[in-house]
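Dear colleague,

I am passing on the structure we spoke about, with the sequence alongside, and my notes follow below it. Please read them with the structure open in front of you.

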Amino acid sequence: MDMKTPQRILVPVELTEASEGLLRYAYSVAQAFHASVDVLHVWEPPRYIGYDVMVYAGDHTQKLIEAIEAEAETGLEALLAKAPAPESVSAKKILKSGFAADVIVETCGKDYDLIVMGTHGRSGLSHLLLGSVAERVARFAEVPVTIVPTGSD
């Protein structure tokens, strides 16, 4: 693993209040290193529902998958509005779908120098049943991963 001063930081987020604090932390790291930040949200497609299922969306119908993606886009915009990047930090958003840990590792590849992500701090049975995205990313990422506690379940 190449240890260098981070210039590009990937920040995977959930669409929760806890991610606001995570973003502020990531922005402070970015400021310290004069790095850019890419904020990534990964939404998971429904597992047991076909992609062509239609839903009623106000005054029209649309595919369920399109409705979920639109909701994720809106949520990510709202999160970034609540925790905007300082003027000195270049930040952009990325929205992808899939299994979070795999998508985060794949997105990062060797294009980023650091991943800053949160963890719920699950332990015991909930950790066994739900696993840990942060743990999986730390194990398989090709760059350093900073894991920030964002609260317990």
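**Salt bridges**

A network of salt bridges links Glu73, Glu77 and Lys93, and I begin with this network before turning to the chain as a whole. Please keep in mind throughout that the model is predicted.

Within that network, lysine 93 and glutamate 77 form a salt bridge whose closest N and O atoms are 2.0 Å apart. This pair joins distant parts of the chain, since lysine 93 belongs to strand E5 (residues 91-97) and glutamate 77 to helix H2 (residues 64-82), with their positions 16 residues apart in the numbering. Neither side of the pair is fully covered or fully open: lysine 93 counts as partly exposed at 32% relative accessibility, and glutamate 77 is likewise partly exposed, with a relative accessible area of 37%.

The structure holds 6 salt bridges, and two further pairs deserve a description here. In one of them, the side chains of arginine 136 and aspartate 102 meet at 3.4 Å, N to O. Here two helices are linked, with arginine 136 in helix H5 (residues 133-140) and aspartate 102 in helix H3 (residues 100-108), and the two residues are 34 residues apart. Arginine 136 is partly exposed, with a relative accessible area of 33%, and aspartate 102 also counts as partly exposed, at 38% relative accessibility.

The other pair is formed by lysine 110 and glutamate 142, whose side chains meet in a salt bridge of 3.6 Å, N to O. Lysine 110 lies in the loop between H3 and strand E6 (114-119), while glutamate 142 lies in the loop between H5 and strand E7 (145-149), so this salt bridge ties together parts of the chain that are 32 residues apart in sequence. Lysine 110 is exposed, with a relative accessible area of 69%, whereas glutamate 142 is partly exposed, at 44%.

**The chain as a whole**

The protein chain contains 5 helices and 7 strands, and, read from the N terminus, these elements follow the order β-α-β-β-β-α-β-α-β-α-α-β. Of its 153 residues, 34% count as buried, and its accessible surface comes to about 9000 Å², of which carbon and sulfur atoms account for 54%. Among the contacts with a separation of 6 or more, 73% are between residues 24 or more positions apart.

**A residue in helix H1**

Is serine 19, in the model, buried or exposed? Serine 19 is part of helix H1 (residues 18-33), and its relative accessibility is 5%, so it counts as buried, the cut-off being under 20%. Leaving aside neighbours within four places in sequence, serine 19 is in contact with Val13, Glu14 and Leu79.

**Confidence**

How far the predictor trusts its own model differs along the chain, and I would ask you to read the notes above with these values beside them. The average pLDDT of the protein chain is 85, and 78% of the residues score at least 70. Over residues 125-130, however, the pLDDT is below 50, and beyond near neighbours in sequence this stretch has 5 contacts in the model.

With best regards

Key: Residues are numbered from 1 along each chain as its sequence is written. This is a predicted model: local features need pLDDT of at least 70, side-chain atom pairs count only at pLDDT 80 or more; totals for chains, interfaces and linings use all residues. Side-chain values use heavy atoms; hydrogens and water are left out. Helices (H or I, at least four residues) and strands (E, at least two) are DSSP runs, numbered from the N terminus. Buried means under 20% relative accessible area, exposed over 50%, partly exposed in between (1.4 Å probe, protein chains only). Contact means heavy atoms within 4.5 Å. Accessible areas come from the Shrake-Rupley method with a 1.4 Å probe; for residues, only the protein chains shown count as cover. A salt bridge is a side-chain nitrogen of Lys or Arg within 4 Å of a carboxyl oxygen of Asp or Glu. pLDDT is the predictor's confidence in each residue, from 0 to 100.
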